[in-house]
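Student: Please take a close look at a single part of this structure. I would like one connected account, with the cut-offs stated.

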Amino acid sequence: MMTEISVLDLQNLRHLISGFDTTHCKMQDYAHEAQDPQVKQFFQKSAQSALESKQQLMKFLQ
């Protein structure tokens, strides 16, 4: 059953999705630039986490 979301909720979702998308891109860039393997791994995991959060939020728009 699909429930309708308010305009405010839709705006909030768009804002959160955009934020996670930006975080994902930045973390990927930081991982690419990192020299230390542990730091690189940290940023890669952070990028993946942001991507997964974005994807979960996108499900609300389907």
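**The close look**

Tutor: His 24 counts as buried, because its relative accessibility is 12%. Buried means under 20% relative accessible area, exposed means over 50%, and partly exposed is what falls in between (1.4 Å probe, protein chains only). The model is predicted, so local features need pLDDT of at least 70 and side-chain atom pairs count only at pLDDT 80 or more, while totals for chains, interfaces and linings use all residues. Residues are numbered from 1 along each chain as its sequence is written, and side-chain values use heavy atoms, with hydrogens and water left out.

His 24 lies in helix α1. Helices here are DSSP runs (H or I, at least four residues), as are strands (E, at least two), numbered from the N terminus. What does His 24 touch, once its neighbours within four places in sequence are set aside? The contacts are Ala 47, Ala 50 and Leu 51. Contact means heavy atoms within 4.5 Å. Two of these partners, Ala 47 and Ala 50, are among the buried residues of α2.

Now take α1 as a whole. Helix α1 spans residues 7–33. It has 27 residues and reaches 39 Å from its first C-alpha to its last. That is close to the 39 Å expected at 1.5 Å a residue. The expected span is 1.5 Å times one less than the number of residues. Its buried residues are Leu 13, Ile 17, His 24, Met 27 and Ala 31. Their cover includes α2.

Turn to α2. This helix runs over residues 37–58. It has 22 residues and a first-to-last C-alpha reach of 31 Å, close to the 32 Å expected at 1.5 Å a residue. Phe 43, Ser 46, Ala 47, Ala 50 and Leu 57 are its buried residues. They sit on the same side of α2, because they cover an arc of only 100° around the axis. The arc is that of the directions from the helix axis to the C-beta atoms. Cover for these residues includes α1. On the other side of α2, Pro 37, Gln 38, Lys 45 and Gln 56 are exposed.

What about charge pairs? Lys 54 forms a salt bridge with Asp 21, with the closest N and O atoms 3.2 Å apart. Lys 54 is in α2 and Asp 21 in α1, so the pair ties together parts that are 33 residues apart in sequence. A salt bridge is a side-chain nitrogen of Lys or Arg within 4 Å of a carboxyl oxygen of Asp or Glu. By that rule the count is one. Both partners are partly exposed: Lys 54 at 21% relative accessibility, Asp 21 at 30%.

Other α2 residues give spacings across the chain. Gln 56 lies in α2. It is exposed, because its relative accessible area is 54%. Gln 56 and Ile 17 are 39 residues apart in sequence and 9.3 Å apart in space, C-alpha to C-alpha. Glu 52 is also an α2 residue, partly exposed at 41% relative accessible area. Its C-alpha is 13 Å from that of Leu 16, which is 36 residues away along the chain. Phe 42 belongs to α2 too. At 52% relative accessibility, Phe 42 counts as exposed. Phe 42 and Thr 22 are 20 residues apart along the chain, with C-alpha atoms separated by 17 Å.

Finally, the surface and the end segments. Ile 5, Leu 10, Met 58 and Leu 61 make a nonpolar surface patch of about 300 Å². Patches take residues with over 30% relative accessible area and no salt bridge; like charges are joined within 9 Å, and nonpolar side chains (Val, Leu, Ile, Met, Phe, Trp, Tyr) within 5 Å. Accessible areas come from the Shrake-Rupley method with a 1.4 Å probe, and for residues only the protein chains shown count as cover. Ile 5 lies in the segment before α1 and is partly exposed at 38% relative accessibility. Gln 62 lies in the segment after α2. It counts as exposed, because its relative accessibility is 69%. The C-alpha atoms of Gln 62 and Ala 34 are separated by 36 Å, with their positions 28 residues apart along the chain.
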